[in-house]
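User: Hi! I would like to go through this structure with you and understand the reasoning behind each label.

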Amino acid sequence: MLRHEFQPGRLIAGLFLILAAVLYAGDAGGTWETPWFVVIPVVTGGLCLAGSVSAVTGLIRRHKRSDSRGARAKSPT
């Protein structure tokens with residue numbers, strides 16, 4: 001049994017922030033050159049995508065909850 005509900009928006013936000021950290025770490029280590037402005041679209045794009053996924057997830061969960069409540073209300077017991 002899960003201890004908490006899965007939140008895919010947080011997962012996506014974390015992955016994009018880890019990507020930004022890897023970009024900066026590679027630049028700091030001298031592995032590649034990363035311009036300073038590259039991370040801005042990565043982080044903002046990731047946060048926008050995470051927000052969209054969270055909104056859709058919330059709508060789906062709300063819809064499933066209302067369906068289960070409606071089914072219980074309609075039962076003849």
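User: Which backbone oxygen lies 2.9 Å from a polar atom of the side chain of Ser66?

Analyst: That is the backbone oxygen of His63. Please keep in mind that this is a predicted model. The distance of 2.9 Å falls within the 3.5 Å limit for N or O atoms, so the pair qualifies on distance as a polar contact. Ser66 itself is found in helix α2.

User: Why is Ser66 called partly exposed?

Analyst: Its relative accessible area is 41%. Buried would need a value under 20% and exposed one over 50%, so a residue in between is partly exposed.

User: What makes up the overall fold, in terms of helices and strands?

Analyst: The protein chain has 2 helices and 0 strands. Helix α1 covers 8–28 and helix α2 covers 39–74, with a loop between them. Of the 77 residues, 17% count as buried. The chain exposes about 6300 Å², and carbon and sulfur atoms supply 68% of that area.

User: How do you know which residues of α2 Ile12 touches?

Analyst: Contact requires heavy atoms within 4.5 Å. With neighbours within four places in sequence left aside, Ile12 is in contact with Gly46, Leu49, Ala50 and Val53. Ile12 sits in helix α1, while helix α2 spans 39–74. The C-alpha atoms of Ile12 and Ala50 are separated by 5.5 Å, though the two are 38 residues apart along the chain. Across the chain, residues 24 or more positions apart account for 56% of the contacts with a separation of 6 or more.

User: And Val56, what is its C-alpha distance to Gly9?

Analyst: Those C-alpha atoms are 9.4 Å apart, for residues 47 positions apart along the chain. Val56 is found in helix α2. Its relative accessibility is 46%, so it counts as partly exposed.

User: What makes Arg61 and Glu5 a salt bridge?

Analyst: The N to O distance between their side chains is 3.4 Å. The cut-off is 4 Å between a side-chain nitrogen of Lys or Arg and a carboxyl oxygen of Asp or Glu, so the pair meets the rule. Arg61 belongs to helix α2 and Glu5 to the segment before α1, so this pair ties together parts 56 residues apart in sequence. A search of the whole structure finds 1 salt bridge. As background, side chains of opposite charge can pair when their charged atoms come close.

User: Are these two partners buried, partly exposed or exposed?

Analyst: Arg61 has 24% relative accessibility and counts as partly exposed. Glu5, at 48%, also counts as partly exposed. Each value lies between the 20% and 50% limits.

User: Why is the Trp36 and Phe37 pair called edge-to-face?

Analyst: By the ring rule, the count comes to 1 aromatic pair. The ring centres of Trp36 and Phe37 are 5.7 Å apart and their planes stand at 90 degrees, so the pair is edge-to-face. Centres must lie within 6.5 Å, and plane angles over 60 degrees earn that label. Both Trp36 and Phe37 are in the loop between α1 and α2.

User: How exposed are those two residues, and what patch do they belong to?

Analyst: Trp36 counts as exposed, at 61% relative accessibility. Phe37, with 47%, is partly exposed. Together with Tyr24 and Ile40 they form a nonpolar patch on the surface, with about 490 Å² of accessible area. Within that group, the C-alpha atoms of Trp36 and Tyr24 are separated by 8.6 Å, with their positions 12 residues apart along the chain.

User: Why is Thr34 called buried?

Analyst: Its relative accessibility is 10%. The limit for buried is under 20%, so Thr34 qualifies. Thr34 is found in the loop between α1 and α2.

User: What makes up the surroundings of Thr34?

Analyst: A polar atom of the Thr34 side chain lies 3.4 Å from the backbone oxygen of Leu23. The side chains of Thr34 and Trp32 are joined by a polar contact of 3.0 Å. Both distances, 3.4 Å and 3.0 Å, fit the limit of 3.5 Å. Not counting residues up to four places away in sequence, Thr34 touches Leu23 and Asp27.

Technical notes: Residues are numbered from 1 along each chain as its sequence is written. This is a predicted model: local features need pLDDT of at least 70, side-chain atom pairs count only at pLDDT 80 or more; totals for chains, interfaces and linings use all residues. Side-chain values use heavy atoms; hydrogens and water are left out. Helices (H or I, at least four residues) and strands (E, at least two) are DSSP runs, numbered from the N terminus. Buried means under 20% relative accessible area, exposed over 50%, partly exposed in between (1.4 Å probe, protein chains only). Accessible areas come from the Shrake-Rupley method with a 1.4 Å probe; for residues, only the protein chains shown count as cover. Rings of Phe, Tyr and Trp (its six-membered ring) pair if their centres lie within 6.5 Å; planes under 30 degrees apart count as stacked, over 60 as edge-to-face and the rest as tilted. A polar contact is a pair of N or O atoms within 3.5 Å; within protein, one must be able to donate a hydrogen and the other to accept it, and residues adjacent in sequence count only if both atoms are side-chain atoms. Patches are made of residues with over 30% relative accessible area and no salt bridge: like charges are joined within 9 Å, nonpolar side chains (Val, Leu, Ile, Met, Phe, Trp, Tyr) within 5 Å.
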